[in-house]
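Here are a few exercises to work through with the model open beside you. Try each task before you read its solution.

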Amino acid sequence: MFDFFKKGLAKTINALKIGGGAEVSKDALLDALLEADVPYEIAEEIIYYLPPSEKVSRADLARVMKTYFMYENDKKTAKPFVQMLIGVNGAGKTTTVAKLANLHKKAGRSVILGASDTFRAGAIEQLKLWAERLGVPIVATNQGHDPASVAFDAISAALARGIDNVVIDTAGRLQNYKNLSAELEKIVRISNKAMEGAPHQKILILDGTQGGSAFAQAKAFNEIVKVDGIIVTKLDGTAKGGALFGVARELELPILYIGVGEGMDDLVEFDADAFVETIVGAIFGED
């Protein structure tokens with residue numbers, strides 16, 4: 001797990017490096033946190049909650065940082081377990097649907113995909129290719145068809161075939177907020193008709209390269225449908241890994257997974273302890 005974070009967060013680690021042995025100064029720490037895109041208010045808050053001396057120890061910093069990720073992940077159980085992925089186009093949503101399906105498969109669970117982003121023909125074709133590559137079934141239709149009916153059919157198929165997991169892709173045209181809001185609300189409503197309680201997880205996909213600017217998107221989607229958790233993508237391509245502190249603090253939602261590469265295996269369940277220890281190790285110049 002630690003090696004995975006070190007590899008995936010290499011650019012963030014490089015931005016954070018201070019060095020200096022057992023302790024670092026608070027001024028150097030503040031500069032490093034801001035360089036890694038930790039929001040200014042949160043960087044100041046981290047320093048405020050540290051002991052009053054001018055020097056900071058590794059143990060104290062790790063203890064304070066871990067408090068930002070103490071949100072409970074409500075681990076619901078159902079069969080099929082239905083996950084609905086939401087987020088703006090370009091955040092890596094469709095690819096993340098495939099990566100999540102791959103995780104389920106590797107864990108020995110059966111999975112079916114629902115191509116409910118019917119706004120973009122490219123999204124439907126892309127997901128069909130992923131389904132073929134993964135060897136999993138998919139429910140898809142043509143561009144412009146009702147996305148809620150796709151979700152209904154995917155859940156119904158899973159119920160009929162005894163499939164463990166359903167992963168549903170959705171459109172993300174946030175610039176047309178009114179239409180998107182109505183569409184997502186309908187998918188949730190119709191999913192619940194197919195199976196009471198579905199979707200069991202509404203997961204927001206955030207592009208890690210956007211850093212703190214993704215907060216406005218997150219709040220907008222959370223207003224449309226109550227989000228259950230977050231996946232942060234593309235962290236390997238940015239030095240903005242510190243934005244995860246802002247995501248957790250501002251949205252008060254658990255980070256479920258992080259994406260640190262383009263490969264099928266480059267999605268991992270988020271481990272707050274491993275993440276914080278990687279960040280702290282970088283700050284103190286440890287390999």
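**Exercise 1. Strand pairing**

How many bridges join β3 to β6, and do the two run parallel or antiparallel?

*Solution.* Start with the ground rules: this is a predicted model, where local features need pLDDT of at least 70, side-chain atom pairs count only at pLDDT 80 or more, and totals for chains, interfaces and linings use all residues. Residues are numbered from 1 along each chain as its sequence is written, and side-chain values use heavy atoms, with hydrogens and water left out.

Step 1: strands here are DSSP runs of E with at least two residues, helices are runs of H or I with at least four, and both are numbered from the N terminus. Two strands pair if DSSP finds at least two bridges between them.

Step 2: four bridges link β3 with β6, and the two run parallel. M84 sits opposite I168 of β6.

Step 3: now look at β4 (residues 111–116), which pairs with β6 in the parallel sense over six bridges. There, A115 faces D169 of β6.

**Exercise 2. The whole sheet**

Task: put the strands of the open sheet in order and find its edges.

*Solution.* Step 1: eight strands make up the sheet, in the order β5-β4-β6-β3-β7-β8-β9-β10, with mixed pairing.

Step 2: the edge strands are β5 (138–139) and β10, each of which pairs on one side only.

Step 3: check one more link. β8 (residues 229–233) is joined to β9 by three bridges and the two run parallel; I230 has I255 as its bridge partner in β9.

**Exercise 3. How covered is β6?**

Task: work out how much of β6 is buried, and on which faces.

*Solution.* Step 1: buried means under 20% relative accessible area, exposed means over 50%, and partly exposed is in between (1.4 Å probe, protein chains only).

Step 2: six of the six residues of β6 (residues 165–170) are buried, so the strand is largely enclosed by the rest of the structure.

Step 3: in a regular strand the side chains alternate between the two faces of the sheet. Sorting by side gives N165, V167 and D169 on one and V166, I168 and T170 on the other, all buried.

**Exercise 4. Helix α6**

Task: compare the length of α6 with its expected span, then see how much of α6 is covered.

*Solution.* Step 1: the expected span of a helix is 1.5 Å times one less than its number of residues. For the 14 residues of α6 (residues 93–106) that comes to 20 Å, and the end C-alpha atoms are 20 Å apart, which agrees.

Step 2: α6 is mostly covered, as 10 of its 14 residues are buried. Among them are V97, A98, L100 and A101.

Step 3: step off the end and you meet G108, just after α6, with a positive phi of about 85 degrees.

**Exercise 5. Before the helix**

Which residues does V88 contact, leaving aside its neighbours within four places in sequence?

*Solution.* Step 1: place V88 in the loop between β3 (81–86) and α6. At 11% relative accessibility, V88 counts as buried.

Step 2: contact means heavy atoms within 4.5 Å. With those neighbours set aside, V88 touches K93, G172, L174, Q217 and F221.

Step 3: V88 and Q175 are 87 residues apart in sequence, but 9.1 Å apart in space, C-alpha to C-alpha.

**Exercise 6. Backbone oddities**

Task: find the cis peptide bonds at P80 and P199 and the positive phi values at D37 and E252.

*Solution.* Step 1: most residues other than glycine have a negative phi, and most peptide bonds are trans.

Step 2: K79 and P80 are joined by a cis peptide bond with omega about 0 degrees; P80 lies in the loop between α5 (58–66) and β3. Another cis bond joins A198 and P199, with omega about -5 degrees, and P199 lies in the loop between α9 (177–194) and β7 (201–207).

Step 3: D37 has a positive phi of about 70 degrees and is partly exposed, with a relative accessible area of 24%. E252 has a positive phi of about 55 degrees and counts as exposed at 52% relative accessibility.
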